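Student: I'd like to go through the ligand site and the pockets with you. Shall we take a look together?

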Amino acid sequence: MTGAPVHAPMTQFAVKDGELIVGGVPLSRLAARVGRTPFYAYDRQALTARVASLRAAFPRAVKLHYAMKANPMPALVGHMASLVDGIDVASAGELKIALDAGADPHEVSFAGPGKRDAELRQAAAAGVLINVEAMREIVVLEDVARELGIAPRVAVRVNPDFELKGSGMKMGGGPKQFGIDVEQIPELLVEIGRRGLAFEGFHLFGGSQNLRAESIRDAQNQAYDLALRLAGHAPAPVRFLNLGGGMGIPYFPGEQALDATPIGANLAQLVERARSDLPQASIVIELGRYLVGEAGVYVTRVIDRKVSRGQVFLVTDGGLHHHLSASGNFGQVVRKNYPVMIGTRAGDGPRETASVVGPLCTPLDLLADRMSLAVAGPGDLVVVFQSGAYGASASPQRFLGHPDCVEVLV
Ligand SMILES: *Cc1c(COP(=O)(O)O)cnc(C)c1O
């Protein structure tokens, strides 16, 4: 033991003859197939395996939703739609991708602050569940109901009076732009009934990137209790009870993979309680990152190897503009390294301390800061692991005018 924290092992991809295997193909061969670097590759098999392991840990009655904000690549959404019970979208653009992918509209839900009138109309026409987050949305939907002659399906997104402890990003509790404060909800439920909307349930999302099973369990229990209290004011029985998600993946040295087993055991108790408390309700868990994050890699090619005053820099053709979060600029307070390796030198060769940077003319363009890596040079392929979520779509691809990255599902 060296004492210094290390990255959790990346066991989702095999190594053969000194190369990382992604989608069953050695990395250099995959790069040849893609035709250019940089690219993101998402491994179908790893996605399928992750959903299967979560199904094994969760009670069968729990509905598993994919929050496609994490990765909206259409082919990936199509693959996920075939594995999960529903898709959660956060814009009309995402709604289109989900419907194109073949998701059942009845199992699609639409959340997010500031839904435009046109988006609400599209979602109502599609027949998806709209998680309303403001009184204005209810007023607009009443007009849409009259115009289209349908009763839009709505759930209420609740801003609870508690927080999800230990989350990378908190999205509930205290003053928030998300959801509606719990204090205002009884009154709002009356309006939903009075205006002829089809009330179907509650949505509570506490936050994101949590690696503590106890915190997630506590938040789910509190969300359940709160929903039960609110259900007494509802104009119709609760059919969907979305308790959020927040399950994280290990990115940084010292972080460990989250064990889904205790979360599943707790959900089994909630399912049992709901059988008598809310007999028509399905419990929904919505996950983005946890389902897709570990199945993706970002691959970039070394253009230059420079030594500056004794420090080695591998200058690559990819960087911050494709992978903002690996550069440390997507909400992180302190920059830490993602797990990175030289995918074309995955054997036991010599190692050195090197930094991996991109081609952008800014010091923020950093993919690895003084990491232990295999000795590499021009032509080698650098792999950034844990890149299946909040990658390409969450990065400023136009910044500095370099080519866009390619995304493949393999
Ligand atoms: C962002 C978001 C998610 C997905 O979060 P992950 O950390 O990727 O699991 C789920 N639900 C809502 C409402 C979100 O805003």
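Student: What makes the backbone of Arg 289 a polar contact of the ligand?

Tutor: A polar contact is a pair of N or O atoms within 3.5 Å. A polar backbone atom of Arg 289 is 2.8 Å from an oxygen atom of the ligand, so the pair qualifies. Do keep in mind that this is a predicted model, where local features need pLDDT of at least 70, side-chain atom pairs count only at pLDDT 80 or more, and totals for chains, interfaces and linings use all residues. Residues are numbered from 1 along each chain as its sequence is written, and side-chain values use heavy atoms, leaving out hydrogens and water.

Student: Which side-chain atom of Glu 286 lies 2.9 Å from the ligand, and what is its partner?

Tutor: A polar one, and its partner is a nitrogen atom of the ligand. The side chain of Lys 69 also takes part: one of its N or O atoms is 2.8 Å from a ligand oxygen.

Student: How many residues surround the ligand?

Tutor: There are 13, with Lys 69, Ser 208, Gly 288, Arg 289 and Tyr 390 the closest; near means a heavy atom within 4 Å.

Student: Which pocket does the ligand take up?

Tutor: The second largest one, with a volume of about 410 Å³. Of its 29 lining residues, Ala 67, Lys 69, Ala 90, Met 171 and Phe 205 are closest to the centre. A molecule sits in a pocket if more than half of its atoms lie within 2 Å of the pocket's grid points.

Student: What is the volume of the largest pocket?

Tutor: About 630 Å³.

Terms used. A polar contact is a pair of N or O atoms within 3.5 Å; within protein, one must be able to donate a hydrogen and the other to accept it, and residues adjacent in sequence count only if both atoms are side-chain atoms. On a 1 Å grid over the protein atoms alone, a cavity is a set of points where a 1.4 Å probe fits but cannot get out, and a pocket is an open set with protein on both sides within 12 Å along at least five of seven lines; lining residues have an atom within 4 Å of a point. Grid points are joined across faces, edges and corners, and a volume is the space filled by probe spheres set on the points.
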